[in-house]
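Student: I am new to this structure and would like a close look at a single part of it. Could you take me through that part slowly, with each term explained as it comes up?

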Amino acid sequence: MSKKFLFPILLAASVTPVWASGYRFGSQTVSAQATADANAAEAADASAQFFNPAALSKLSGSQYQLGGTLVVPQMSYQDHGSTRFTGSSTGGTTPSGFAPDHALVPTFYLSRALNADLTWGLGVYVPYAAKLNYGSTWQGRYALKSIELASLAINPSLAWKLDARQSVGFGLTAEYMKAKLSQAVDVPGSIAALAAAGVGGAVISAIQAEGGNPAVLASAQDAHAQIKGDGWGYGFNLGYLVDLSDSTRFGLAYRSPISHTLKGDTIWDFSTVTTDPIVNHFLQNSSHKVNSDGRVKLMTPETVSANVFSQLNATWAAMADVTWTRNSRLQDLHIEFPGSQLGDEVIRQRWRDTFRVSVGANYRLNERTVLKGGVALDQSPVRSSELTHPALPDGDRTWLSAGLSYKLDAASSVDLAYSYVQFDQVEGNYSNDCSPLSTACTGNGETTKGLYKTRLQLLGVSYNRKF
């Protein structure tokens, strides 16, 4: 009977920038979002340090950017024959509205030139996020009912000018994650399997010995499990920026992996199985589904980026970025339950390394207004339908972005950005490898099979000020 399954998935979220590839959030800076994140080498404002800490060297005085992105997802699911571990249908209903109507995510960046060669910066942003609630009755409830993942990164950086054309940068990252996962526990399937194996009589006798009424097993319902966990992880990032000419700039950036150990609590609820509390208590304890700690270790992937920016003339600028992400650091997740008799929950992810390619352009409309646009192709880390879990029904996606920067006065400006993200539709056929009757592992043994369709809209606004 699975339950821990949720914790790993939540953790998986930390493995890869809400709704970019994997669980990475899709917009850490509004000014970059307007070009589909193609402007990493532009160094236009304090948020440039997210992509490359060396870009701080291009900023004068002190300045900050305060922004927010409204995320509006649209998702649907069509079941294609999800089954219990016994091979019978899970039944249930088709979920609707399982993605939130919207979510608002803030960002903050600050930079300050210490002298002619050194510039200090600070970024506070959301690197990973996810929120889905399929409900308690949908066809894939034994894999997942709901997931919530929230994170916050604090990233101070320092840039140093090597000479008139070159600069390097270094940053440290403290990353906090908090997650909650829940799923149904397949008690009806387990009872049916025990009866088919000819050991149902022993179960009935044991229940009668405790004073329970085994007749209620005929109408047994699902139990429920929930796990919550959080923790901090630490990493670093590096950057190099060079002016190839007076109008063209090239950058390289590296962001390190971050090791996480998420610890939390697991709660099992068998009160919904039958109307007989003695039977429920017996089923919970005989299956060793007692409340306990939960723990999982994982490492987020590193990224390597190369980018270029060129001011073609007084009106037009062009830019591009290529980012490689080592998602293959996430293979199988082993969730442990210290202090209990439960075996590990093993979640098969086996992600692949991915590329994200983006190109963009700026058009200076007048002295106050710069129009921006960009397109990006972003690979999904999920390898196949057999590894597509409801917590991440991820597919390759295409980004279309547009926006503008408007100067309010000599010291302040605002940025606006809109992005439409179309995901490839994904056919999931994920099977958990553990039978709920096993004592060596934890799992429902279900197969969740269906078609996921996703599209996403992002609307960002930020305010920049020099002081």
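Tutor: What follows begins with one residue and its surroundings and then turns to the aromatic rings.

This is a predicted model, in which local features need pLDDT of at least 70 and side-chain atom pairs count only at pLDDT 80 or more, while totals for chains, interfaces and linings use all residues. Residues are numbered from 1 along each chain as its sequence is written, and side-chain values use heavy atoms, with hydrogens and water left out.

Ala174 belongs to strand S6, which covers residues 166-185; helices (H or I, at least four residues) and strands (E, at least two) are DSSP runs, numbered from the N terminus. Ala174 has a relative accessibility of 18% and therefore counts as buried, a word that stands for under 20% relative accessible area, with exposed meaning over 50% and partly exposed in between (1.4 Å probe, protein chains only). If its neighbours within four places in sequence are left aside, Ala174 is in contact with Leu152, Ala153, Ile154, Trp232, Gly233 and Tyr234, where contact means heavy atoms within 4.5 Å. By the C-alpha atoms, Ala174 is separated by 29 Å from Pro390, which is 216 residues apart from it along the chain.

Turning to the rings, a search of the whole structure finds 14 aromatic pairs; rings of Phe, Tyr and Trp (its six-membered ring) pair if their centres lie within 6.5 Å, and planes under 30 degrees apart count as stacked, over 60 as edge-to-face and the rest as tilted. The rings of Tyr109 and Tyr125 are stacked, because their centres are 6.2 Å apart and their planes are at 15°. This pair links distant parts of the chain, with Tyr109 in strand S2 (residues 103-113) and Tyr125 in strand S3 (residues 118-125), 16 residues apart. Tyr109 counts as buried at 0% relative accessibility, and Tyr125 counts as buried at 3%.

Tyr176 and Trp232 form a tilted aromatic pair, 5.3 Å centre to centre and with 45° between the planes. Because Tyr176 lies in strand S6 and Trp232 in strand S7 (residues 223-243), the pair ties together parts that are 56 residues apart in sequence. Tyr176 counts as partly exposed at 23% relative accessibility, and Trp232, with a relative accessible area of 43%, is partly exposed. Trp232 is also one of the residues in contact with Ala174.

Elsewhere, ring pairs link Tyr77, Phe98, Tyr134, Trp138 and Tyr452 into a cluster.
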